[in-house]
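Colleague: Could you take a close look at one part of this model for me, the place where two helices pack together? I'm new to this, so plain words please.

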Amino acid sequence: MSTTASALKAPTKLLFGPGPSPVHPRVYEAMRQPIVGHLDPFFFQVNEDIRRGLKTCFGTANEFTMVISGTGSAGMECAVTNFVEPGAKVAVFANGYFSDRLTEMARRHGGDVVRLEKPWGETYTDAEAREFIASTKPAVVAFVQAETSTGAYQPGHAICKAAHEAGALVIADCVTSLGGMPVLVDESGIDIAYSGTQKALGCPPGLAPITCSPRALEWLKARKTTTVSWYLDLKLLLDYYESAHRYHHTAPISMFYALHESLAIITEEGLENRWARHKANHEAFVAGLAEIGVGMLVAEGHRLWTLNTPFVPAGVNDMNVRKKLMAEHSIEIAGGLGPLGGKVFRIGTMGYGSSPENVQLLLGALKDAFQAEGYGK
Ligand SMILES: *Cc1c(COP(=O)(O)O)cnc(C)c1O
């Protein structure tokens, strides 16, 4: 029988997959601080700071900006359970794994899901967005702004404009854009945006930031049916986090400290500087890959700066490359999902991990591994 008698000693891995991403040392340090109770005034102060910092990252003046206890998927389920009523028509812009997850969640909540399909790695044009929404007349529209399964970026302005003309609310998955790329909630018109702490924010997994527009809030207040999920019920959560501070659940205090620190780091760096850093390192990585003849799945101008999807070069086995990177450098990257299995790598350059040094490290290790597979000799 195994025991847990010895002290834990976790290995240090270089996390360049689609998440979790490397955690800033200051964030680890913040997590060591003593916890307080979940009704302690200090905790609510920390929470207020977090809400303010998140508004900046989301690009919103929404008062209703907070975090859900849980990972990015909890943010997704929170958006769905609160805003998709049984029988409601939900229009999903499908182009990857996470839009499929949104579809599944909306169906489980009784949503009548209609999907527009595109091959993985592509994005939707303004005309396609307008046409789909005008012809389906949904109550809710859902899309993935940063599709981590493909590396494609869909800012969402045209989707939101068409949705609002049709009287629909818009849910956007911003898990891999928040803190690394423009999310621009107010400018684009997104009604409900959610994210996670473990991608470009540079924290461990565990919290899901979410923001809701005044019109989403108005809709929620008027909603007559009860939200299926008790844990993710935003009306109950508002009672806890806002004035009443009524106990709902025990907030994971150490994760709040982590997010507080990561938002402080973002404020020091400046959000736009942080975007520029992600863009520059992403572009340097793409340029380095081009030098050895490796292309990208996503068309230029539609790529995420946080997650890169280069093609697996001809004759190269992606599993062998990933194993070699892990064995020789403790580097974690990921392979493609679904239709992209064996065809692309998914390589994260996000949060604390997005640096020129890491780009060089990745390029060197990849060249080596490709050569071992007989490519680029
Ligand atoms: C990672 C991710 C999620 C899910 O987040 P978890 O933290 O794994 O629960 C959802 N959507 C996108 C686009 C993601 O990249």
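**Two helices and what follows**

Modeller: Helices α12 and α13 are oblique to each other. Keep in mind that this is a predicted model. Two packed helices are described by the angle between their axes and the distance between the axes. Here the angle is about 125°, and the axes of α12 (residues 318-329) and α13 (residues 356-372) are 10 Å apart. That angle counts as oblique because it falls outside the ranges for roughly parallel (under 35 degrees), roughly perpendicular (65 to 115) and roughly antiparallel (over 145). As for handedness, α12 passes α13 in a right-handed crossing.

So who's touching whom? From α12 come Val321, Lys324, Leu325 and His329, while α13 brings Ala365, Leu366, Asp368, Ala369, Phe370 and Ala372. Sort the residues of this contact by type and you get seven nonpolar, one polar and two charged.

Now step off α12 into the loop that leads to β12 (331-332), and you'll find serine 330 there. Its phi is positive, about 55°, even though serine 330 is not a glycine. That's worth a second glance, because most residues other than glycine have a negative phi. How much of serine 330 is accessible? Its relative accessible area is 25%, so serine 330 is partly exposed, as that label covers values between 20% and 50%.

Notes:
Residues numbered from 1 in each chain as written. Predicted model: local features only at pLDDT ≥ 70, side-chain atom pairs only at ≥ 80, totals over all residues. Heavy atoms only, no water. Axes fitted to C-alpha atoms, helices over the stretch in contact; angles between N-to-C directions. Helix = DSSP H or I, 4+ residues; strand = E, 2+ residues; numbered from the N terminus. Left-handed = near helix turned anticlockwise from the far one by under 90°. Contact = heavy atoms within 4.5 Å. Nonpolar A, V, L, I, M, F, W, Y, C, P; charged D, E, K, R; others polar. Buried < 20%, exposed > 50% of the residue type's maximum accessible area, 1.4 Å probe, protein only.
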